[in-house]
Amino acid sequence: MAKSCKGLAMELVKCLSETDCIKVQKKGYRECAGEKEPNITSECVGLRETYFNCKRGQVDMRARIRGNKGY
């Protein structure tokens with residue numbers, strides 16, 4: 001179950017590495033993923049929210065019994 005969000009994490013990193021936040025502004029991945037400003041594309045924002053929900057599902061006891069909806 002710990003690795004069920006790994007595919008989403010890798011896609012999020014790949015998506016963020018193609019944004020101007022990483023390329024031009026030379027910020028870190030964590031900084032760019034956490035920004036509220038629209039420096040990242042809507043695809044990356046969607047991946048970020050899906051990854052967040054996946055990680056939250058690992059902590060939720062109801063989801064732990066049924067298994068994470070995952071990726």
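# A guided tour from Thr 19 outward

Begin by selecting Thr 19, which you will find in the loop between α1 and α2. Keep in mind as you look that this is a predicted model. Is Thr 19 buried or exposed? Its relative accessible area is 5%, and because buried means under 20%, Thr 19 counts as buried. Now show its side chain together with the backbone of Leu 16, and you will see that a polar atom of the Thr 19 side chain lies 2.6 Å from the backbone oxygen of Leu 16. If you leave aside the neighbours within four places in sequence, Thr 19 is also in contact with Asn 39, Ile 40, Thr 41 and Cys 44.

Next, zoom out to the whole chain and colour it by secondary structure. The protein has five helices and zero strands, so that, in the order in which you meet them from the N terminus, the elements read α-α-α-α-α. Of the 71 residues in the protein, 27% are buried. Among contacts with a separation of 6 or more, 52% join residues that are 24 or more positions apart.

Now select α1, which covers residues 6–17. With 1.5 Å for each residue, the twelve residues of this helix should span 16 Å, and the end C-alpha atoms of α1 are in fact 17 Å apart, which agrees. Which residues of α1 are buried? They are Leu 8, Ala 9, Leu 12, Cys 15 and Leu 16. Because these residues cover an arc of only 130° around the axis, they sit on the same side of α1. Turn the helix to its other side, and you will find Lys 6, Met 10 and Lys 14, which are exposed. The buried residues of α1, for their part, pack against α2, α3 and α4.

From here, move to the nonpolar core. In soluble globular proteins, nonpolar side chains tend to be buried together. The largest nonpolar core in this model has 13 residues, and those with the most contacts inside it are Leu 16, Cys 32, Cys 44 and Leu 47. At least two residues of this core come from each of α1, α2 (20–23), α3 (29–34) and α4 (42–59), and the largest share, four residues, is supplied by α1. Select Cys 32 to follow one of these residues more carefully: not counting residues up to four places away in sequence, Cys 32 touches Leu 16, Cys 21, Ile 22, Lys 27 and Ile 40.

Go back toward the start of the chain and select Cys 5, which belongs to the segment before α1. With a relative accessible area of 2%, Cys 5 is buried. Then add Tyr 51 to the selection: although Cys 5 and Tyr 51 are 46 residues apart in sequence, their C-alpha atoms are 6.7 Å apart in space.

For a contrast, select Lys 26 in the loop between α2 and α3. Is Lys 26 buried or exposed? Its relative accessibility is 67%, so Lys 26 counts as exposed. The backbone here also deserves a look, since the phi of Lys 26 is near 55°, a positive value in a residue other than glycine.

Finally, colour the model by pLDDT. The mean for the protein is 80, and 82% of its residues reach 70 or more. Among the elements, α1 has the highest mean pLDDT (91), whereas helix α5 (residues 61–66) has the lowest (67). Where pLDDT is low, the predicted coordinates should not be read in detail.

Conventions
Residues numbered from 1 in each chain as written. Heavy atoms only, no water. Core = buried A, V, L, I, M, F, W, Y, C linked by side-chain atoms within 4.5 Å. Buried < 20%, exposed > 50% of the residue type's maximum accessible area, 1.4 Å probe, protein only. Contact = heavy atoms within 4.5 Å. Expected span 1.5 Å × (residues − 1). Arc of directions from axis to C-beta. Polar contact = N/O pair within 3.5 Å; in protein donor to acceptor, adjacent residues only side chain to side chain. pLDDT = per-residue confidence, 0-100.
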